[in-house]
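Colleague: Got a minute to walk me through the spaces in this one? Start wherever you like.

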Amino acid sequence: MTFAQGSPFPEGVKFAYIPINTDDTRLIDPLVCQQPLQLKLDEVISFLSTTNQPKLLIVSVPGAWTPTCGEVHVPPYLQNLASLGSKGIGAVIILASNDPFVVNSWGKVLVKQFYNVDDNSKGIMPKVVFANDVDGFSRKHDLATDVNGFSRNKRYATVIDTKTRNVEYLGVETERKVDKSGYETVLAKL
């Protein structure tokens with residue numbers, strides 16, 4: 001099955017993740033993590049399809065702890081989660097090809113710095129998950145590349161309507177910048 005805008009989202013997609021508790025970001029310790037869990041997207045899609053926020057947003061980055069990803073690409077998403085939630089986003093998955101421990105530590109640093117805990121009281125905050133592309137979803141769909149001998153996800157963002165499983169938006173960067181996959185562009189597509 002081809003992964004493209006307008007097509008159904010593939011079944012059986014799995015990522016690896018370590019949960020980050022966003023209830024009180026003061027308690028987050030980037031040096032402490034548990035064992036990775038399997039994130040089955042079929043289950044996420046099934047759950048979100050029953051909610052008032054039925055859209056799933058996946059934001060893929062080439063790597064954790066890289067300047068563009070951590071300074072330009074991901075922070076606006078974390079700073080504007082309430083806006084995404086008000087537009088129907090029920091979950092945001094930040095996806096990287098790094099191992100789940102690295103992705104979790106990086107995610108904790110970003111959540112601690114950019115996540116607005118006060119927005120939790122609005123009741124529309126999407127769930128945030130920092131995940132590893134353990135099964136090579138991006139590579140299988142030509143959304144990964146080799147950089148200096150390392151396999152890296154391409155920088156992209158996709159919105160899935162979980163009620164229909166259709167890919168409503170897929171923005172893949174073709175240059176070294178954040179344009180098609182950035183927060184402002186995705187928000188405009190919702």
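**Cavity, pocket and two residues**

Modeller: The largest cavity comes to about 50 Å³ in volume. Keep in mind that this is a predicted model.

Colleague: How many cavities of 30 Å³ or more are there?

Modeller: One cavity of 30 Å³ or more is counted.

Colleague: Which residues line the largest cavity?

Modeller: Tyr17, Ile18, Pro19 and Ile20 are in the lining, along with Lys127, Val128, Val129 and Phe130. Strand β5, residues 127-132, gives the most to the lining, with four residues.

Colleague: And how do the lining residues of the largest cavity divide into nonpolar, polar and charged?

Modeller: Seven are nonpolar, one is charged and no residue there is polar.

Colleague: Pockets next. How much space lies in the largest pocket?

Modeller: The largest pocket holds about 470 Å³. It is lined by 19 residues, and the closest to its centre are Pro62, Val147, Arg152, Arg155 and Arg176.

Colleague: Which elements give two or more residues to that lining?

Modeller: Helix α2 (67-73) and strands β6 (144-147) and β7 (150-153) do.

Colleague: What's the mix by class in the lining of the largest pocket?

Modeller: Seven charged, seven polar and five nonpolar residues.

Colleague: Change of topic. What does UniProt list for "active site"?

Modeller: The UniProt entry, which is unreviewed, lists Cys69. Cys69 is found in helix α2.

Colleague: Is cysteine 69 buried or exposed?

Modeller: Buried. Its relative accessible area is 1%, so cysteine 69 falls under the 20% cut-off for buried.

Colleague: What does cysteine 69 touch, leaving out residues up to four places away in sequence?

Modeller: Val61, Pro62 and Gly63 touch cysteine 69, as do Val74, Pro75, Trp106 and Arg155. Two of those names came up with the pocket: Pro62 and Arg155 are among the residues closest to the pocket centre.

Colleague: One more residue. Where is serine 181?

Modeller: Serine 181 sits in the loop between β9 (166-172) and α7 (183-189).

Colleague: Why does serine 181 count as buried?

Modeller: Because its relative accessible area is 0%, and buried means under 20%.

Colleague: Which residues does serine 181 touch, again not counting those up to four places away in sequence?

Modeller: His73, Tyr77, Arg155, Tyr156 and Ala157 are in contact with serine 181, and so are Gly171, Glu173 and Val186.

Colleague: Arg155 again, then.

Modeller: Yes. Arg155 touches serine 181, and Arg155 also touches cysteine 69.

Conventions:
Residues are numbered from 1 along each chain as its sequence is written. This is a predicted model: local features need pLDDT of at least 70, side-chain atom pairs count only at pLDDT 80 or more; totals for chains, interfaces and linings use all residues. Side-chain values use heavy atoms; hydrogens and water are left out. On a 1 Å grid over the protein atoms alone, a cavity is a set of points where a 1.4 Å probe fits but cannot get out, and a pocket is an open set with protein on both sides within 12 Å along at least five of seven lines; lining residues have an atom within 4 Å of a point. Grid points are joined across faces, edges and corners, and a volume is the space filled by probe spheres set on the points. Ala, Val, Leu, Ile, Met, Phe, Trp, Tyr, Cys and Pro count as nonpolar, Asp, Glu, Lys and Arg as charged, and the others, Gly among them, as polar. Buried means under 20% relative accessible area, exposed over 50%, partly exposed in between (1.4 Å probe, protein chains only). Contact means heavy atoms within 4.5 Å. UniProt positions are given in the numbering used here, feature names are shortened, and annotations may be inferred rather than shown by experiment.
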